[in-house]
Amino acid sequence: MNRKEKVLRRLNRHKRIRKKVIGTEERPRLVVYKSAKHIYAQLVIDPPIGPAKVLTGASTLSPEIREKVKEVKGKTERAKLVGKLIAERAKKIGITKVSFDRAGYKYIGRVKSLADAARESGLEF
């Protein structure tokens, strides 16, 4: 399977997931995206009409954890830092419950470590 086919399969999985996982005011969607070097997480509300609204986000490029990320070895450890940061930011805006959207990625490795760190930091899935 080449790279293009792999990406298309992930996007098709994401479409199927998005039919079921919806972000509301009370329970926004925690969306994960990963690139080769970095991992990103966002809290998103999906209104009935119009574009989605991003409440907050965090990534390995966020200023608060950028220096820590450089010191930590391994992408899964970096994902844990992002999970903790997104949970802290969610608490600041008064969100404790989220719907987890893995964006078509398998629930292993970086995606799992981000989710586990967010749970440990107080987010309820």
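## Helix 1, the nonpolar core and Ser113

On the face of helix 1 that is turned away from its buried side, the exposed residues are K4, K15 and K19. This description rests on a predicted model. Helix 1, which runs over residues 3–20 and has 18 residues, reaches 27 Å from its first C-alpha to its last, close to the 26 Å expected at 1.5 Å a residue. Its buried residues are R10, H14 and I17, and because they fall within an arc of 65° when seen down the axis of helix 1, they line one face of the helix. What covers these buried residues includes strand 1 (29–34) and strand 4 (99–101).

The largest nonpolar core has 25 residues, of which L30, L43, V82, L114 and L123 touch the most other members. At least two residues of this core come from each of the elements tabulated here.

| Element | Residues |
|---|---|
| Strand 2 | 39–45 |
| Helix 3 | 75–92 |
| Helix 4 | 109–120 |

Strand 1 likewise supplies at least two residues, while helix 3 gives the most, with seven residues. Leaving out residues up to four places away in sequence, the contacts of L30 include L43, I86, V98, F100, L123 and F125, and among them are also Q42, S99 and D101.

In helix 4 lies S113, which is buried, with a relative accessible area of 9%. Apart from neighbours within four places in sequence, S113 is in contact with T76, A79 and K80, and a polar atom of the S113 side chain lies 3.1 Å from the backbone oxygen of T76.

Notes. Residues are numbered from 1 along each chain as its sequence is written. This is a predicted model: local features need pLDDT of at least 70, side-chain atom pairs count only at pLDDT 80 or more; totals for chains, interfaces and linings use all residues. Side-chain values use heavy atoms; hydrogens and water are left out. Helices (H or I, at least four residues) and strands (E, at least two) are DSSP runs, numbered from the N terminus. The expected span of a helix is 1.5 Å times one less than its number of residues. Buried means under 20% relative accessible area, exposed over 50%, partly exposed in between (1.4 Å probe, protein chains only). The arc is that of the directions from the helix axis to the C-beta atoms. Contact means heavy atoms within 4.5 Å. A nonpolar core is a set of buried Ala, Val, Leu, Ile, Met, Phe, Trp, Tyr and Cys residues joined through side-chain atoms within 4.5 Å. A polar contact is a pair of N or O atoms within 3.5 Å; within protein, one must be able to donate a hydrogen and the other to accept it, and residues adjacent in sequence count only if both atoms are side-chain atoms.
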